[in-house]
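Biologist: I am new to reading protein models. Can we go through one together, feature by feature?

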Amino acid sequence: MSGAAESRPPRLLRPVLLVVDRLRIGARLGVLILVLLVPGAGAAYAYIGLINGQVAFANSEIDGIVVVRAALLAMADTAAGRKPDLGELRASVQQYPDLALDDAFATVQAEPTEAALAALVVEAGNTSKLILDPDLDSFYVMDLQVVQLPKLLVAAAAARDRGTGGSVADRAVDAAGIASAAGSLRSDVDTAQANTAMGDLADRLKPVVGAADAADAVAATISATLNAPKDVDVAPLADAVRAAVAPAAAVLGDLLVTREDAFTDDRALVLTLTGSTAVLAFWFALAVWWRTRTDVALVLGRVKALAGGDFSAGRLPHGRDELGDIGGALATARDRLADQDQEISDARQVREEQMRAQFQHQRQAERRLRERAQRLIDDSTGTIADELAHVTEQVDEVRTAAATIDDRVTATNDAAGVIVEQAQAAEPVIAALEASLRRVAGTAEVIAGIAGQTRLLALNATIEAARAGETGKGFAVVANEVKDLATNAAQSTEQITATIGSLERDAAAMAQAIAAMVASIGEIGGTTAALREVAADQRGVVGRLDEQLTGTVDRIRGLSALAAQLERREAERIGAAATVTLRVEGRPEPHPATLVDLSGGGLRCRTSIALTAGSPVEVELALEDGRPEVRVRLHCQVMHVGRAGDWTEAGLQFLDPPADVAARIDRYVARLVDGVD
């Protein structure tokens, strides 16, 4: 239970394993590579999108700078009391339609005042995202252009328009607004200088500081004339602002371009690193995929070769990974299997030599047993045949005498003397018949003794066959046939003895009848009828004796046929150790079997599968008859099936094998037989 539990996959992995188990290793690696590369590609795509957004953000700010610069120049001209040139501003608004400044520009074009221009600057700062600038240096440079300079020019225009009118408080507010804008300009310049890597920023923004100084001068003039107001000349301030617009716009543009270049460089670097890493990763993954697939194919091919019995050296994985270890293990296993195959081949040769020696001993014993049994049978059958021939002759004589008696019964009165003489002549014949029957009985006793000796000989042969084991099975068949022969001989002898006994009894009865006939010769007339009955009985006895003799002769001939059967052999059968493969109908896969013996007409083998007598089987044999080993296929029929322990032992008969295959099998069997002769 613990081993089964350990082999079960974790519950978390089971859904994925449903897919993994259906993929080969190459497909698994391909999916893994894809799964690993897709997130990296997605992250790189997202990062590049972010960088592109920041670059687009900076480009939008740069577009806004162009519009703000043109608007500030027009605003400075308006504050100085000059008619602004709106051509540049119109061109910039039309150049960047994405900023959507057409409505604001239409307002300016209808009434080009400082307030309208300031509103256009603020709108341009919003739509171009200048107001949202993320860096400190560029943010404050943006602030002084989008917020502080428009604020300063609006405050200066308000002071200019107020002139000598208004209260002291109003003029003080104007002075404070102008001074506050000047202070904000200096603060923006200082903050930008403190938070930038641009070393000449302060020098490049000196016109902005000059504009702040001009603003302070205007604020001081207004503050000095609070009690005696007079018109304020803001033209110098407007000119100072106009002089500061271009440098400030250039600095902000350079800062934004620097940031954009940094974003572009970062994007290029990330793309380069990501692409290089992806190429290296894909290259490495491709190498891993190719190596793994190749090593797996090598391992699989070598395993299939080993399973098919091919122990030749072949390519195997040789890396330092697990597949390399498997390749080393397979090489070791291949060498061991090759050694074991050689040992099995050597053992098979030794077994064949042992089988040949045992077969030689078996053939010699079988030959001696057959010769001895043949001699005994020939002697017995010859003697019995001679005696039965003599008995047959005597039976013919008895038949003739009985016929004579029957013919002359009608003339008993006239030929009594002749009958007496013939009756007297019949007595020695009957005595001779009894002597012959006694000799036949003695011969039958001799045959019974021979049959007993034959059975004892067959018993000894059966014991020797049992000691010989597998190789003695063929000899056991011969011993069984000899035992059957001895049994048949004993039975025939018993029948012969019974027949002879019957003949002796009939002869004795006939002798008694003749004696009674001689004794009663004087009463021939009265006993003629009885004599005729006796003659009829005598004819019946002679007929039965003739039938029994005929049956005995047939049995003797059967003994001769049985003796001849001992010598009958269709083909020489010998134990062999060739490789056998069976293909049974309904089972396409081959089944190995162990060959027990082989002849030109069939074979006997052992297998683990169930076979049925009469069923067809296809056999594949690996034979070596002095040529390179070759495999032949034969169609066979199962003749008999038995059990040998846990194995099925079957006798197979070849069904019309091709001539070349039959010749090869005969050569193989002959080579084995010649090897043991």
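Modeller: Start with the vocabulary. Helices and strands are DSSP runs, numbered from the N terminus; a helix needs at least four residues and a strand at least two. Keep in mind that this is a predicted model.

Biologist: How many helices and strands does the protein chain have?

Modeller: The chain has 16 helices and seven strands.

Biologist: What share of the residues is buried?

Modeller: First, the cut-off: buried means under 20% relative accessible area, and exposed means over 50%. Of the 677 residues in the protein chain, 38% are buried. The accessible surface comes to about 35900 Å². Carbon and sulfur atoms hold 57% of that surface.

Biologist: And the contacts along the chain?

Modeller: Take the contacts with a separation of 6 or more. Residues 24 or more positions apart account for 71% of them. Here is a pair to find on screen. T274 and A43 are 231 residues apart in sequence, yet 9.8 Å apart in space, C-alpha to C-alpha. T274 is in helix α11. T274 counts as partly exposed because its relative accessibility is 28%.

Biologist: Now the interior. Which residues touch the most other members of the largest nonpolar core?

Modeller: A nonpolar core joins buried nonpolar residues through side-chain atoms within 4.5 Å. The largest core here has 69 residues, and L89 and I178 touch the most other members. Helices α3, α4, α5, α6, α7, α8, α10 and α11 each supply at least two residues of this core. The most come from α11, which gives twelve. Apart from this core lies another, of 27 residues, including V584 and L672.

Biologist: What does L89 touch?

Modeller: Leave out residues up to four places away in sequence. Then L89 touches V67, A70, A71, F105, V108, L117 and L120.

Biologist: How do I read the sides of a helix?

Modeller: An α-helix has 3.6 residues a turn, so residues three or four places apart point the same way. Now apply that to α4. Its buried residues are L89, S92 and V93. They lie on the same side of α4, because they cover an arc of only 100° around the axis.

Biologist: Which helices do the buried residues of α4 pack against?

Modeller: They pack against α3, α5 and α6.

Biologist: Let us turn to the surface. Which residues make the nonpolar patch of about 240 Å²?

Modeller: I131, L132 and V147 make that patch. V147 is in helix α7. V147 counts as partly exposed because its relative accessibility is 34%.

Biologist: One more feature: backbone angles. What should I look for?

Modeller: Most residues other than glycine have a negative phi. Look for exceptions. K129 is one: its phi is near 65°, and K129 is not a glycine.

Biologist: Where is K129?

Modeller: K129 is in the loop between α6 and α7. Its relative accessibility is 34%, so K129 counts as partly exposed.

Biologist: And D656: where is it, and is it buried or exposed?

Modeller: D656 also has a positive phi, about 50°, although it is not a glycine. D656 sits in the loop between β7 and α16. At 74% relative accessibility, D656 counts as exposed.

Conventions
Residues are numbered from 1 along each chain as its sequence is written. This is a predicted model: local features need pLDDT of at least 70, side-chain atom pairs count only at pLDDT 80 or more; totals for chains, interfaces and linings use all residues. Side-chain values use heavy atoms; hydrogens and water are left out. Buried means under 20% relative accessible area, exposed over 50%, partly exposed in between (1.4 Å probe, protein chains only). Contact means heavy atoms within 4.5 Å. Patches are made of residues with over 30% relative accessible area and no salt bridge: like charges are joined within 9 Å, nonpolar side chains (Val, Leu, Ile, Met, Phe, Trp, Tyr) within 5 Å. Accessible areas come from the Shrake-Rupley method with a 1.4 Å probe; for residues, only the protein chains shown count as cover. A salt bridge is a side-chain nitrogen of Lys or Arg within 4 Å of a carboxyl oxygen of Asp or Glu. The arc is that of the directions from the helix axis to the C-beta atoms.
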